[in-house]
Amino acid sequence: MSRDSVRIVGLLLWMCVWVSCYGDGEYVLYKDPKQAVSDRVADLFGRMTLEEKIGQMVQIDRSVATVNIMRDYFIGSVLSGGGSAPLPEATAQNWVDMINEYQKGALVSRLGIPMIYGIDAVHGHNNVYNATIFPHNVGLGATRDPDLVKRIGAATAVEVRATGIPYTFAPCIAVCRDPRWGRCYESYSEDHKVVEDMTDVILGLQGEPPSNYKHGVPFVGGRDKVAACAKHYVGDGGTTRGVNENNTVTDLHGLLSVHMPAYADAIYKGVSTVMVSYSSWNGEKMHANTELITGYLKGTLKFKGFVISDWQGVDKISSPPHTHYTASVRAAIQAGIDMVMVPFNFTEFVNDLTSLVKNNSIPVTRIDDAVRRILLVKFTMGLFENPLADYSFSNELGSQAHRDLAREAVRKSLVLLKNGNKTNPMLPLPRKTSKILVAGTHADNLGYQCGGWTITWQGFSGNKNTRGTTLLGAVKSAVDQSTEVVFRENPDAEFIKSNNFSYAIIAVGEPPYAETAGDSDKLTMLDPGPAIISSTCQAVKCVVVVISGRPIVMEPYVASIEALVAAWLPGTEGQGITDALFGDHGFSGKLPVTWFRNTEQLPMSYGDSHYDPLFAYGSGLETESVASIVARSTSASATSTKPCLFTVLVSATLCLFIFPSLSRLLRR
């Protein structure tokens, strides 16, 4: 670009800023990006009416949003609930166009405050067709690799931005203490220390704050980054019997020592928002807990971002939900919730909150605090300067670089729980053999492989809803061309015996689920998984790959299994599994949760007095890659081999010529 071109671009940019700041001739401080964020917040806040303030506290689902509603009600935020998309198989451009349309409604309101669009991008941009689907958090916890998680956060952020979205409801930093909980796969570990380490994903999603940045203040570092949301505050992973949205019974020390530490880490790293849990603590609904939201989160931890409710979380303060709604609104806002995920009947919420403020049931200072926090996040992330998205990141959605990263995450998340014996391990598998069997309910089902929160809220079954590679497809790509791969989901004994297979790879596990639909007292694998293991492993050496969001009942089958791998919910990149099975890379993952013997033992976590697991927390056999084994073997062989006469003569000759020369050089 020539100097003249640079000058022209600079002049145009200056003119844009001037028009934005001065409008009809009056200088408007909050529109000036050169001003301090705190000054811009104060200036804008001082211009707002009560109606405009309350509008900023409202988040509605895209299904009820229109340009007129955005303008007339001053709506602060819109979201896509699980599976809520512009159209089936929507492209990045479809998403951008839809969101920009809603944004235009916000921008033509009196003060032109941009709305912030949010979505549950919890293992990649999982609601979007063709996006990269990374392993769910439980698998990432098995990697014990915070840098990997940070890189996944960065990749997720740019894919989310590719669709015009600047805000994700992630990460979930729950500490799952009971696998019967239907959201256990959203937790990195039963160990709060692992969960703390994994909050580095926030640095990937939002960017790393500079060294002089004030801790506790939200930070979003560029147009390829998004605002993150630590959730669900607090204790959601500790409910009795793992019942979703239920009651966590523990004293203050238990809450602060197990469930709270990751929030302190998230706030230190600049997380922009915190979502409150549906659950209760010792009988008190978290959505109405002033002590923990205002007192501890905003007070003790000095969190400066905004606190958001969960989906219809205010409704669920009462039982049945939505009874005594006005009282629930008062309780939630007084407790310290700043933005409410309504998400449908927003006029009722707006009318109730307005009335509560006007009759002094809620002090206006509480509304002011909420709105200042929301504006702080919006200014910090540059939403006022760049409210409308474009197509500049479209090619990042499902890019090969991101799929390669997901493949790396899959192989690092695998936990090898059994591998024959020390003298005769089954893994790594030979690529070149006559014939192998691939079997099981999860061997050729991308939806099962990805789990819940994929394309739709509860996930899907089959291979058509998005793009990826199943375990079967990965096996076919990994083996030698001369090896015959036979797939039979549920092979009978006669079929197995008549085919003379060299070995079998069996994939079994859980069907997809999300939230309460996943609560389970039985924790058994999907039928006919047990029968497949029994009939196959009795007839041929088998490796069983368990695809599940948590430990499931395995003790009755372990003895018949030659090799056992926990693959969790790996996502779209099935080649990560075969990378380890065939020895391109070694196994390195460690159990992030305890693998029980039977469900009567639950709840059971590492350190409990009755601890007697099938596989203990932190278990995981390590193996070397084939290349490493060959290199080590070659090196050992070379070291142990006696030198031949030729080698001795060559070495002697080199000594005669090199060492005298070296000596002369040193004397100089």
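P528 sits in the loop between β15 (503–509) and α20 (529–537), where helices (H or I, at least four residues) and strands (E, at least two) are DSSP runs numbered from the N terminus. The peptide bond that joins D527 and P528 is cis, with omega at about 5 degrees. The model is a predicted one, so to speak of local features takes pLDDT of at least 70, side-chain atom pairs count only at pLDDT 80 or more, and totals for chains, interfaces and linings use all residues. Residues are numbered from 1 along each chain as its sequence is written, and side-chain values use heavy atoms, with hydrogens and water left out.

A cis peptide bond also joins V342 and P343, this one with omega at about -10 degrees. P343 belongs to the loop between β11 and α14. Another backbone feature turns up at R144, a residue other than glycine whose phi is positive, near 55 degrees. R144 lies in the loop between α6 (137–143) and α7 (146–162).

Now for the domains. The UniProt record, an unreviewed entry, lists "domain: Glycoside hydrolase family 3 N-terminal" at residues 49–375; UniProt positions are given in the numbering used here, feature names are shortened, and annotations may be inferred rather than shown by experiment. Over residues 49–375, helix accounts for 39% of the chain and strand for 10%, and the end C-alpha atoms are 14 Å apart. From the same kind of record, again an unreviewed entry, comes "domain: Glycoside hydrolase family 3 C-terminal" at residues 414–621. Here the chain is 19% helix and 15% strand over residues 414–621, with 10 Å between the end C-alpha atoms.

On to the sheets. Strands of a sheet pair through backbone hydrogen bonds, either parallel or antiparallel. One open sheet has five strands in the order β4-β3-β2-β1-β11, with parallel pairing; two strands count as paired if DSSP finds at least two bridges between them. Its edges are β4 (167–168) and β11 (340–341), each of which pairs on one side only. Within this sheet, β2 (residues 77–80) and β3 (residues 116–119) run parallel and are joined by four bridges. S77 stands opposite I116 in β3.

Another open sheet has three strands, ordered β6-β8-β9, and its pairing is mixed. β6 (247–248) and β9 (284–285) are the edge strands, each pairing on one side only. Two bridges join β6 to β8 (residues 280–281), and these strands run parallel. T248 is found opposite W281 in β8.

As for helix packing, α2 (residues 37–47) and α15 (residues 364–380) pack at an angle of about 130 degrees, their axes 9 Å apart. Axes are lines fitted to C-alpha atoms, for helices over the stretch in contact, and angles run from 0 to 180 degrees between N-to-C directions. α2 and α15 are therefore oblique to each other; angles under 35 degrees count as roughly parallel, over 145 as roughly antiparallel, 65 to 115 as roughly perpendicular and the rest as oblique. The crossing of α2 and α15 is right-handed, that is, the near helix is turned clockwise from the far one by less than a right angle. From α2, V37, R40, V41, L44 and F45 make the contact, and from α15, D368, V371, R372, L375, L376, F379 and T380, contact being heavy atoms within 4.5 Å. By class, this contact of α2 with α15 holds eight nonpolar, one polar and three charged residues; Ala, Val, Leu, Ile, Met, Phe, Trp, Tyr, Cys and Pro count as nonpolar, Asp, Glu, Lys and Arg as charged, and the others, Gly among them, as polar.

Helices α13 (residues 325–335) and α14 (residues 346–358) cross at roughly 70 degrees, and their axes come within 10 Å. α13 and α14 are therefore roughly perpendicular to each other, and their crossing is right-handed. On the α13 side are Y325, T326, V329, R330 and I333, which meet E348, F349, D352, L353 and L356 in α14. The contact of α13 with α14 divides into six nonpolar, one polar and three charged residues.
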